[in-house]
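This note sets out a few points for a colleague who is beginning to read the structure. Please keep the sequence and the model in view while reading.

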Amino acid sequence: MIGYIIRRVLYAVPILIGVCLFTFVLFYLTTSPQDLARRNLSAKNPTPQQIKDWEHTHGYDQPKWKQFVRTTEGLFLFRFGKSDGVGGQRIITRIKQSWLPSFEIASLSFIASLLVNLTAALVIAYFRGTYFDSAATTLCVIMMSITYLLYIIVGQYTLGRLMRITPVGGYLPGWQSLHFIMLPVVVAVVAGFASDTRLYRTFILDEINQDYVRTARAKGISESRVLFIHVLKNAAVPVITNTVSAIPGLFLGSVLLENFFNIPGLGNYLVDAINNQDFAVVRANVFIGALVTIIGFIMTDVGYALADPRVRLE
Amino acid sequence: MYVLKSLLTISNALPVLVAATFIFALTRMKKQPLWAEAFRRIGRNKLAIVSLVVIAIYALIALTDSFAWQDNKDKPPVSLLMRVFAAAHVQRERTYSAPFAHYTTGEPHPHKLKGWHLLGTDGAGFDVLMQTLRGCHTAMIIGGFTSFLITPLALLFGMSAGYYGKLPDDIIQYIFTVVASVPSILLQIALLLVLGPGVINICIALGLTGWVGLCRLVRGETLKHRDREYVRAAKALGASNTRILTRHILPNLLPVVIISITLGFSGLVLSETILSYLGIGVPAGTGSWGNMIDGARLELARDPVIWWNLTSASMALFILVLALNFFGDALRDAIDPRLRSN
């Protein structure tokens, strides 16, 4: 297994280089450094000398391949350099400040969603073939048809403004942060509820017709025990695949929720970068996003091996 | 005379062309047993028929908004939808007004409205019903054009990876692993930052991130079909690789591809609202539900609450996406009963 993990980590390197190349090419196909300098220099009409200086400090005056090697090397060593925006803040300081709120929201909503959705799916599967089942699946389709944005807006309006259970927005560090991330986590869980629950229900129903379930029932084990112990273990494998494929989706949640609820996380940093047309920051975010996703993919395969003794990692 | 001349533009010809191709494809498909059976099954499903009618109404509204012509040389082209509203004497007001209201809202001294507005007016005084209906056009373009971009890309890459294997497969798998490992929202942001705003650019950004899933699916299906007897028989008869791929394997992939595109369409329509929220969506002035919902953030904090903008845009979006989801599920069940969700 260790050999397998090492091989997967080594395979991640060319993929990350591919991601860097992709963003790099994208960047140079469309913008020239001169435009960028003009956009970001605070002086109204920058002199050619000022533009040259700006290009020099941000390294845009070197040959293209050298720039690519330099930025890629920087990204791999987590030396993200300075932002292209006014002031040229170091990207890594901002990332160090803002990773924690994002991590709190993402991990809490990830775990909470998994628990809630799996339980709901098991309950729906328990009542399979009844009116409750068809009502629940229809409700899932209805909930899937509502945009994430509306969940956020309505969530803030009802829980924050009308019922005053949670703060409307903002963030404080330390234990107090739990108070502030409650609303975003609730919104994330509700918004992601329908599609996952529906999917998990089909995974569970796929298992329910297997021979081992009939055997367990024939042995006289109660239906709920069959469902929650025997079936759940076997349905875990597709569930693991699906939860990991949801990791890139956490970034979307992070971008929308943090910006909307004014939480100083990575997602909010990214929205600032969009508004300032700050490509250096976007590039760093894309790299971190890809890194987290790849780590997630590797962890799934390890998770498989742990959940299913038949899976051998070769 | 000039009116007729201004009707003959590419932007007017395009929707006609799309509709004609669609109808042509449907009539061709009806002759094949597999699809005839699928259509029959959909016809028996009441929910699917209702959904289809709803989708058709949205498409029709989108069509009326895409035909535009000029009254004379100096005026900008006005679409059929806008002309209908102009004919009904729907005028621009000063600012917000509630549905059915007679006076404006949010002004210290409310003004009398010039006309009557079924869904009220927005901050710039435009009729909300008109703005909502104009959103259909954008939604349909984003869903349709993106699918149009995704399909050939995914088919080309997926089929060649699955059929040829070896080096082409390695290269294509590498490309789609690279694209898939960047969270799609980050990639869309990066693409839209460099491409700039615009409906077509949104389609390109959504297409470049969305083709991966379909490509993976097509590759897997092609792998399954590659070693079947009918492909081996075609090979033994001396058919070329291109002929096998286009005449033998492609028709067998179509059901899966069509199901996947129909189910993906609703996701694309929903993406528009998210991009609008992030400020990289449809430019202002184009009808867009995303921009309307995004604008409602501030309107809900006002007193009195401006709720009609948010409600109409999100209901319009919700009904379309719901119909698409129901129809997609019905289509999947009709084409391939093995894939049934229950």
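Is R219(B) buried or exposed? R219(B) is buried, as its relative accessible area is 16%. The model under review is a predicted one, and the points below take up its salt bridges, cysteines, surface patches and chain A in turn.

1. The salt bridge of R219(B). This arginine pairs with D169(B), and the closest N and O atoms of the two are 2.8 Å apart. R219(B) belongs to helix α9 (residues 199-226) of chain B and D169(B) to helix α7 (residues 166-181) of chain B, so the pair ties together parts that are 50 residues apart in sequence. The partner D169(B) also counts as buried, with a relative accessibility of 11%. The student should note that burial is here set at under 20% relative accessible area, and that the 16% of R219(B) therefore falls within the buried class.

2. Further salt bridges. Over all chains the count of salt bridges comes to 13. Another of them joins the side chains of D227(B) and R226(B), with an N to O distance of 3.9 Å. The cut-off for such a pair is 4 Å. R226(B) is partly exposed, and its relative accessible area is 24%.

3. A pair within one helix, and a network. R332(B) and D329(B) meet through their side chains in a salt bridge of 3.3 Å, N to O. These two residues are 3 residues apart in helix α13 (residues 308-335) of chain B, which means that about one helical turn separates them. Both R332(B) and D329(B) are buried. The two also take part in a network of salt bridges that links R198(A), D329(B), R332(B) and D333(B). The network therefore includes a residue of chain A as well as residues of chain B.

4. Cysteines without a bond. How many disulfides does the structure hold over all chains? The number is 0. In general terms, a disulfide is a covalent bond between the sulfur atoms of two cysteines. To be counted, the two sulfur atoms must lie within 2.5 Å. For C136(B), the closest cysteine sulfur is that of C203(B), at 16 Å, which is too far for a bond. For C215(B), the closest cysteine sulfur is again in C203(B), at 20 Å, and this too is too far for a bond. C136(B) is buried at 3% relative accessibility, and C215(B) is buried with a relative accessible area of 0%.

5. A charged patch on chain B. R28(B), K31(B), R243(B) and R247(B) form a positive patch on the surface. One of these residues, K31(B), is placed in the loop between α2 (10-30) and α3 (33-44) of chain B. K31(B) is exposed, with 71% relative accessible area.

6. A nonpolar patch on chain A. Which residues form the nonpolar patch on the surface? They are V123(A), Y126(A), F127(A), F132(A), F228(A) and I229(A), which together have about 500 Å² of accessible area. The elements that contribute two or more residues to this patch are α5 (91-126) and α10 (223-245) of chain A. Y126(A) is found in helix α5 of chain A; Y126(A) is partly exposed, at 36% relative accessible area.

7. The overall build of chain A. This chain has 13 helices and 0 strands. Along the principal axes, its C-alpha atoms fill a box of roughly 85 × 55 × 35 Å. Of the 314 residues in chain A, 49% are buried.

8. Individual residues of chain A. A12(A) is located in helix α1 (residues 2-30) of chain A, and A12(A) counts as buried at 9% relative accessibility. A separation of 37 Å lies between the C-alpha atoms of A12(A) and H179(A), which are 167 residues apart along the chain. N262(A) merits a separate look, since this residue is not a glycine and yet has a positive phi of about 60 degrees. N262(A) sits in the loop between α11 (247-260) and α12 (266-275) of chain A. N262(A) is exposed, its relative accessible area being 54%.

Technical notes: Residues are numbered from 1 along each chain as its sequence is written. Chains are lettered from A and ligands numbered from 1 in the order in which they are written. This is a predicted model: local features need pLDDT of at least 70, side-chain atom pairs count only at pLDDT 80 or more; totals for chains, interfaces and linings use all residues. Side-chain values use heavy atoms; hydrogens and water are left out. Buried means under 20% relative accessible area, exposed over 50%, partly exposed in between (1.4 Å probe, protein chains only). Helices (H or I, at least four residues) and strands (E, at least two) are DSSP runs, numbered from the N terminus. Patches are made of residues with over 30% relative accessible area and no salt bridge: like charges are joined within 9 Å, nonpolar side chains (Val, Leu, Ile, Met, Phe, Trp, Tyr) within 5 Å. Accessible areas come from the Shrake-Rupley method with a 1.4 Å probe; for residues, only the protein chains shown count as cover. Lys and Arg count as positive and Asp and Glu as negative; His and the chain ends are not counted. The place of a charge is taken as NZ of Lys, CZ of Arg, CG of Asp or CD of Glu.
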